[in-house]
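Biologist: I'm new to reading models like this one. Please pick a single part and take me through it slowly, explaining the terms as you go.

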Amino acid sequence: MKLKKCIYIVITILFVTAFYTYSQEDSHPTIDNTVFENPQRTQALFDHDSHNEKAELEDDCSICHHVYENKKLIKDESSEDSLCSECHFLKATPENSVPLRMAFHNRCKECHFESNKGPVLCGECHIRK
Ligand code: HEC
Ligand code: HEC
Ligand code: HEC
Ligand code: HEC
């Protein structure tokens, strides 16, 4: 009886450790999607610093964090302290004709298509759980 109990305990510990390791490996950095009402997809993968290092974008934050004045792009100025959703809304507005989802998709996918590097398929960014 004692031996059986011991084996059960060991097996339980092994399972818990395996599960814990698995879930750790499974957690990749993503972009917060809570501003979208009832998100349909999982949060998109994006490991900010490592991505920008690999893609050699560290010197130009304004590629993604741009600044506009009267709908004109102001070169070399960066809005890195703002979320995209502070200027891009869920629906187009008179001040900003690019809705939030399109802002993300255009910025991310265009460069991946053009450079022929990085994910372009839905499931490559929105990993199924
Ligand atoms: C290069 C990466 C990338 C690809 C490829 C991509 N998306 Fe996205 N998508 C994003 C990002 C970034 C957001 C905004 C942040 C977030 O959702 O985590 C987003 C947001 C969304 C949203 C709004 C939020 C939600 O979950 O409702 C939908 C819907 C969506 N994507 C669907 C798609 C579909 C369908 C495809 C394929 C046709 C696709 N995406 C391909 C990166 C991508
Ligand atoms: C490839 C696109 C890209 C580049 C290049 C980039 N970022 Fe970002 N960054 C993002 C995205 C996307 C977010 C998340 C924005 C959101 O959730 O609305 C973000 C978020 C941030 C945030 C957090 C903003 C907040 O208010 O929470 C900071 C700070 C930041 N980036 C700084 C930088 C700096 C500094 C650089 C240049 C060295 C840089 N980023 C280059 C895409 C980029
Ligand atoms: C300070 C305000 C502001 C912030 C922050 C901002 N944008 Fe924009 N963005 C604009 C304005 C204004 C336009 C022009 C809209 C128009 O023409 O109606 C624009 C245009 C765009 C466009 C279309 C033109 C182009 O460059 O291809 C994309 C894509 C885009 N933004 C993506 C993003 C993403 C992704 C983020 C976050 C990383 C972001 N924007 C953050 C204000 C902002
Ligand atoms: C100006 C170009 C550019 C923009 C903008 C860009 N990417 Fe990338 N991305 C790349 C390149 C280049 C790679 C391939 C990097 C490598 O592995 O050499 C890449 C790779 C990736 C990968 C694969 C894993 C990784 O981190 O290397 C993901 C996920 C990704 N990008 C998501 C995004 C998302 C989400 C956005 C928009 C917020 C975005 N990218 C915007 C150029 C870009």
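**The iron site of ligand 2**

Modeller: Let's go for the iron atom of ligand 2: its protein donors are His48 (NE2) and His65 (NE2), lying 2.0 Å from it. Donors here are N, O and S atoms within 2.8 Å of the metal (3.2 Å for Na, K and Ca), and because water is not among the atoms, sites may look incomplete. These two link distant parts of the chain, 17 residues apart: histidine 48 is in helix H2 (residues 48-54), while histidine 65 is in the loop between H2 and strand E1 (68-69). (Helices, H or I, have at least four residues and strands, E, at least two; both are DSSP runs numbered from the N terminus.)

A bit of housekeeping: residues are numbered from 1 along each chain as its sequence is written, with chains lettered from A and ligands numbered from 1 in the order in which they are written. This is a predicted model, where local features need pLDDT of at least 70, side-chain atom pairs count only at pLDDT 80 or more, and totals for chains, interfaces and linings use all residues, while side-chain values use heavy atoms, leaving out hydrogens and water.

Back to the iron: the angles among its 6 donor atoms run from 86 to 179°, and the site is octahedral. For six donors, that label asks for opposite donors over 155 degrees apart and all others between 65 and 115.

So are those histidines buried or exposed? Histidine 48 counts as partly exposed because its relative accessible area is 40%, and histidine 65 is partly exposed too, at 22%. (Buried is under 20%, exposed over 50%, partly exposed in between, using a 1.4 Å probe and protein chains only.)

Both also make polar contacts with the ligand, meaning pairs of N or O atoms within 3.5 Å. A polar side-chain atom of histidine 48 is 2.8 Å from a nitrogen atom of ligand 2, and for an N or O atom in the side chain of histidine 65 the distance to a ligand nitrogen is 2.7 Å. Cysteine 84 joins in with its backbone, where a polar atom lies 2.9 Å from an oxygen atom of ligand 2.

Now zoom out a little: 15 residues surround ligand 2, and His48, Cys61, Cys64, His65 and Cys84 are the closest. To be counted, a residue needs a heavy atom within 4 Å. H2 supplies the largest share of this shell, 3 residues.

How values were computed. Four donors count as tetrahedral if all angles lie between 85 and 135 degrees; four count as square planar and six as octahedral if opposite donors are over 155 degrees apart and all others between 65 and 115; anything else is irregular. A polar contact is a pair of N or O atoms within 3.5 Å; within protein, one must be able to donate a hydrogen and the other to accept it, and residues adjacent in sequence count only if both atoms are side-chain atoms.
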